[in-house]
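Welcome! Here are a few short exercises to help you find your way around a new structure. Take a look at the model, try each task, and then follow the worked solution.

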Amino acid sequence: MHIFTDYILLGISFIFNYFISGYVLTELFIGKVKLIFKLPLYFVLSILTTTNLVYLTALVFGLSSNLIFINYLFWLCCFVYVLYLKTFRFYIFDKNHWQAYLLALVVFIIFVISLYKSIFYFYEGYYVMSADNWQDTALHFSIMENIKEGNFPPIAPYYSGHNLDYHYFTDFHSAIITQPLNKFTP
């Protein structure tokens, strides 16, 4: 039951961090644009707005799973409002742009194949973070874990006790996606 709850919470975090807020802003302010141009906006605006709203409210109230859920609730209310204002006609695929979708799928497959041994590799019960070239995944993982453990703003993992002066937007975004899981983890 616990693992099932984790997957549900992770799915909710992905929906809110990658779709809901971008959809709300795009449909409210530039809704007349063709869908082929709006889909990337949903993704990019969601990452920027959700992460920055959580960041700003966390600076005032402190970062917690409850704060992230309150931010999600705000975006959910906005989403329901936009659906109320508009007729919900959201088509995932547009027949006129099938070549663009095919190219996006091919690029995604190339990324998965090229990153499989370095990021997505599970070996003897652990994820192995190494590859043919040097990478700083361990550093970024420690920053994400630092944020998830309640150190906000995070402390530099390589200079204990010092505030992090590194631009950690992507690490913060990853941490808030998995932060709600901490609330239910024994």
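**Exercise 1. Describe how helix H2 and helix H3 pack against each other.**

Solution. Keep in mind throughout that this is a predicted model.

Step 1: Find the two helices. H2 covers residues 35–61 and H3 covers residues 65–85.

Step 2: Look at their axes, which come within 10 Å and cross at roughly 135°.

Step 3: Name the arrangement. Angles over 145 degrees count as roughly antiparallel and those from 65 to 115 as roughly perpendicular. The crossing angle of roughly 135° therefore makes H2 oblique to H3.

Step 4: Add the handedness: H2 and H3 cross in a right-handed way.

Step 5: List who takes part. H2 brings Thr-49, Thr-50, Leu-53, Val-54, Thr-57, Ala-58 and Phe-61 to the contact, while H3 brings Leu-67, Ile-68, Asn-71, Tyr-72, Phe-74 and Trp-75.

Step 6: Sort these residues by class. The contact has 9 nonpolar and 4 polar residues, and no charged ones.

**Exercise 2. Decide whether Leu-63 is buried or exposed, and find its contacts.**

Solution.

Step 1: Locate the residue. Leu-63 sits in the loop that links H2 and H3.

Step 2: Check its accessibility. Buried means under 20% relative accessible area; Leu-63 has 14%, so this residue counts as buried.

Step 3: Look for contacts, leaving out residues up to four places away in sequence. Leu-63 then touches Val-54, Ala-58, Ile-68, Ile-147, Phe-152, Phe-172 and Ile-176.

Step 4: Pick one of these partners, Ile-176. Leu-63 and Ile-176 are 113 residues apart along the chain, yet 9.0 Å separates their C-alpha atoms.

**Exercise 3. Place Phe-19 and classify its accessibility.**

Solution.

Step 1: Phe-19 belongs to helix H1, which spans residues 2–29.

Step 2: Its relative accessible area is 22%, so Phe-19 is partly exposed.

Step 3: Compare sequence and space. Leu-45 is 26 residues away from Phe-19 along the chain, and the C-alpha atoms of the two are separated by 8.4 Å.

**Exercise 4. Summarise the whole chain.**

Solution.

Step 1: Count the elements: there are 6 helices and 2 strands.

Step 2: Read their order along the sequence, which is α-α-α-α-β-β-α-α.

Step 3: Consider burial. Of the 186 residues, 30% are buried.

Step 4: Turn to the surface. The chain exposes about 12,600 Å², with 69% of that supplied by carbon and sulfur atoms.

Step 5: Finish with contacts between residues at least 6 apart in sequence: 62% of them join residues at least 24 apart.

Definitions and conventions
Residues are numbered from 1 along each chain as its sequence is written. This is a predicted model: local features need pLDDT of at least 70, side-chain atom pairs count only at pLDDT 80 or more; totals for chains, interfaces and linings use all residues. Side-chain values use heavy atoms; hydrogens and water are left out. Helices (H or I, at least four residues) and strands (E, at least two) are DSSP runs, numbered from the N terminus. Buried means under 20% relative accessible area, exposed over 50%, partly exposed in between (1.4 Å probe, protein chains only). Contact means heavy atoms within 4.5 Å. Accessible areas come from the Shrake-Rupley method with a 1.4 Å probe; for residues, only the protein chains shown count as cover. Axes are lines fitted to C-alpha atoms, for helices over the stretch in contact, and angles run from 0 to 180 degrees between N-to-C directions. Angles under 35 degrees count as roughly parallel, over 145 as roughly antiparallel, 65 to 115 as roughly perpendicular and the rest as oblique. A crossing is left-handed if the near helix is turned anticlockwise from the far one by less than a right angle, and right-handed if clockwise. Ala, Val, Leu, Ile, Met, Phe, Trp, Tyr, Cys and Pro count as nonpolar, Asp, Glu, Lys and Arg as charged, and the others, Gly among them, as polar.
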